[in-house]
Amino acid sequence: MQELKYSLKHLIVQAVLLVILSAILFYFQNIIGTLAFIASAFMIMNQYTYINKKNQKVEDKIINLNNEFTDITKNAVFKVPFPLLILNDKNKISWFNTYFKDLCDDEVEIFNNEIENILDLKTVNDDENNLDYYETQVDGKYYRFYPVTIKDSEDKDLTLLYGVDNTAFMDVVTLLDEKRLGLVDIFIDNYDEARNSIKEEERTRVFSEVDKILQDFAREHNAYIRKYESDKFVMVIEKHELENIMQQKFSVLDMIKDIKNTNNVPVTLSIGASIVGDNPYEIHDKSRSCLDVALGRGGDQAVVDTGELKYFGGKNKAVEKRNKVKARVVSHALKKLIEQSSNVFIMGHKNPDMDSIGSCLGMLEACKINSKECYIVLNEVGPQIENIYNAVLEEKPDYKKYFVKNAFAKENCNSNSLVIICDNHRRNSVECQEIMDITKNIVVIDHHRRSSDYIKDTSLTYLEPYASSASEMVTEVLFYMTEKLEIPKIVAEALLAGITVDTKNFFYQTGVRTFEAASILKRQGADSVRVKQLFKDDERTIKLKSDVIASSKMYRNNIAIGRLEEEVDESILVAAQSADDLLNILGVEASFVLAKLKDKIHVSARSLGKISVQLILEKVGGGGHLTSAGAQLDCSMDEAEEKIKQAIDEYIKEDTDESYID
């Protein structure tokens with residue numbers, strides 16, 4: 001207000017000049033100078049009076065304006081067409097307008113209540129504009145509340161919150177999000193097998209029907225689909241339509257399988273889809289990765305990347321592929337990788353079983369065939385492999401030099417080394433993670449369905465869920481690696497033992513190629529009787545298994561859950577064998593056995609095929625096969641059992657829609 005008043009500075013300057021001028025006149029002419037002094041005083045007093053009157057008028061006008069503005073402000077605050085409220089210094093509502101009251105529940109007390117008890121506000125940090133605000137949704141409308149700090153009459157800090165209806169903006173954002181394009185890669189995962197199995201006169205009809213179903217499916221969801229190879233399709237689709245397909249649990253999977261032919265050979269699809277990415281290239285890259293995951297998990301399923309991987313289908317047993325072309329190609333590629341490396345480190349998974357050590361020994365022979373320095377990383381010899389380990393060293397004492405621990409592997413591994421991982425494709429489960437950071441030359445050979453935490457950026461991945469075991473896959477690779485295969489008898493028996501334990505004596509997950517691999521090993525001198533002896537248990541193990549089976553309980557009428565309460569070195573072995581034996585009980589479709597070892601709860605799960613123990617244990621961080629899976633839990637035995645029961649309940653709930661989220 002001070003700036004609006006007339007200033008007296010100029011009057012002072014004028015007065016000084018008049019006094020000086022009058023003094024000069026008085027010096028020369030006393031009378032004229034005296035008159036000049038009188039005239040100057042009159043002029044100064046007159047000017048001073050004028051300025052004071054003007055300033056008083058300005059002050060009165062400003063006071064009137066302030067009073068008018070106060071009235072306008074009061075009216076505006078009460079009549080603004082948006083929610084408004086004031087929070088006191090204790091962050092409680094001290095005042096609000098009618099628009100804010102309309103947002104609140106009539107039964108809720110607003111005055112002197114905390115706003116969090118009335119509206120569900122989400123804090124948003126806008127670092128770009130250095131501004132924080134709150135967002136909420138009420139009756140389908142979106143609001144933003146912006147805070148402003150004010151002072152009350154006692155100089156206390158109050159917070160004024162004013163709300164802005166942001167619904168129109170959010171509707172545009174939602175529309176743009178729904179219209180965002182995604183990519184779907186579709187692959188007939190058993191095209192060659194179906195084509196060769198279906199009669200020639202039916203072949204054209206069957207695959208024409210596949211094309212028609214996919215075209216109709218795309219048209220139904222306003223998508224564009226293009227067939228670019230005999231067994232490959234790509235589809236461009238809007239996000240909201242892809243979400244509709246997900247809600248329908250990718251019904252197209254069953255529609256394709258329902259195509260009839262006289263040979264009863266079902267055609268199955270693997271689907272990878274993604275709506276994540278900043279550009280078409282990234283979206284397509286992620287959809288291809290999802291397709292690889294679907295194929296790696298055995299096919300006949302869909303995997304969608306929405307920021308997290310979602311799985312649909314995948315509850316059927318992987319179909320064996322009779323074509324051995326891939327095994328031969330992998331064998332030749334692996335041979336080149338071994339030849340180009342400085343040395344080779346082979347390892348399985350932690351707490352190795354017979355399949356893990358058997359496949360590692362097989363890969364050791366592959367390296368020896370190519371005259372390459374090689375080692376098996378093995379930190380502990382557990383009860384599950386003690387018999388075969390001792391048998392190998394008894395028959396081949398010089399093989400002891402091939403078994404090394406983590407420290408040796410880390411010291412001798414270099415950027416030109418090759419790391420071969422057998423019977424495992426998960427980074428957290430390998431014997432020595434550190435050497436995977438030293439070299440990028442990594443090979444994975446595994447038969448488990450691919451999990452979301454699989455090892456990426458490998459030089460070679462041979463992952464076939466239809467295979468009975470890693471030992472079967474390694475046997476085929478060995479067979480194609482040399483014209484005349486010759487491996488030690490004990491190694492052949494280790495490979496045969498690996499196949500035997502994973503197939504439960506050639507009962508589960510056993511196909512034509514499984515017997516062919518066994519015949520290769522028999523020709524290498526593997527003795528079935530001696531292999532059987534490798535599985536003999538001592539008296540203590542037999543008693544522990546009996547205790548687990550005797551104390552097991554039924555859950556949901558057809559699932560047996562057992563617990564090994566005593567912590568022993570053989571805990572994992574006892575759990576695995578007990579889970580197998582529990583399936584012999586009438587009415588049991590699946591079994592779960594919990595055992596404690598080194599402050600972790602190990603879970604071994606088995607099923608007869610109707611229930612996928614793999615999908616159940618994936619919910620608690622485990623994995624495996626449809627009929628055989630495992631997991632490790634960092635909790636108490638009781639907590640672990642509750643987690644398993646909860647995972648079973650979720651699986652059964654999802655059984656009708658055949659979907660789950662990783």
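Select helix 15, residues 470-481, and colour its buried positions, which are Ala470, Ser471, Glu472, Met473, Val474, Thr475, Glu476, Val477, Leu478 and Met481; buried here means under 20% relative accessible area, exposed means over 50%, and partly exposed lies in between, with a 1.4 Å probe and protein chains only. Because ten of the twelve residues of helix 15 are buried, this helix is largely enclosed by the rest of the structure. Helices (H or I, at least four residues) and strands (E, at least two) are DSSP runs, numbered from the N terminus. The model is predicted, so local features need pLDDT of at least 70 and side-chain atom pairs count only at pLDDT 80 or more, while totals for chains, interfaces and linings use all residues. Residues are numbered from 1 along each chain as its sequence is written, and side-chain values use heavy atoms, with hydrogens and water left out.

Stay with helix 15 and check its length: the expected span is 1.5 Å times one less than the number of residues, which for its twelve residues gives 16 Å, in agreement with the 16 Å between its end C-alpha atoms.

Next, select Ser469, in the loop between strand 18 and helix 15. Ser469 is buried, with a relative accessible area of 0%, and its side chain reaches the backbone nitrogen of Glu472 at 3.1 Å. That is a polar contact, a pair of N or O atoms within 3.5 Å; within protein, one must be able to donate a hydrogen and the other to accept it, and residues adjacent in sequence count only if both atoms are side-chain atoms.

Now add helix 11, residues 354-369, whose axis lies 8 Å from that of helix 15 at an angle of about 15 degrees. Axes are lines fitted to C-alpha atoms, for helices over the stretch in contact, and angles run from 0 to 180 degrees between N-to-C directions. The angle makes helix 11 roughly parallel to helix 15, a label for angles under 35 degrees, whereas over 145 counts as roughly antiparallel, 65 to 115 as roughly perpendicular and the rest as oblique. In helix 11, 14 of the 16 residues are buried. At the N-terminal end of helix 11, Asp353 acts as a cap, with a side-chain oxygen 3.3 Å from the backbone nitrogen of Asp355; just after the helix, Ser371 takes a positive phi of about 50 degrees.

Move on to helix 12 (residues 386-395) and helix 16 (residues 489-503), whose axes come within 9 Å and cross at roughly 170 degrees. That angle makes helix 12 roughly antiparallel to helix 16.

Then display the open sheet, in which six strands are arranged in the order 15-14-13-16-17-18 with parallel pairing; two strands pair if DSSP finds at least two bridges between them. Its edges are strand 15 (403-404) and strand 18 (460-463), each of which pairs on one side only. Further in, strand 13 (residues 344-347) is joined by three bridges to strand 14 (residues 374-377), and Val344 stands opposite Cys374.

Between strand 17 (442-446) and strand 18, pick out Asp457 in the loop, which is exposed, with a relative accessible area of 71%. The C-alpha atom of Asp457 is separated by 8.1 Å from that of Ile442, 15 residues apart along the chain.

Finish at strand 21 (residues 590-597), where seven of eight residues are buried. Six bridges join strand 21 to strand 20 (residues 559-564), and the two run parallel, with Leu564 standing opposite Ala595.
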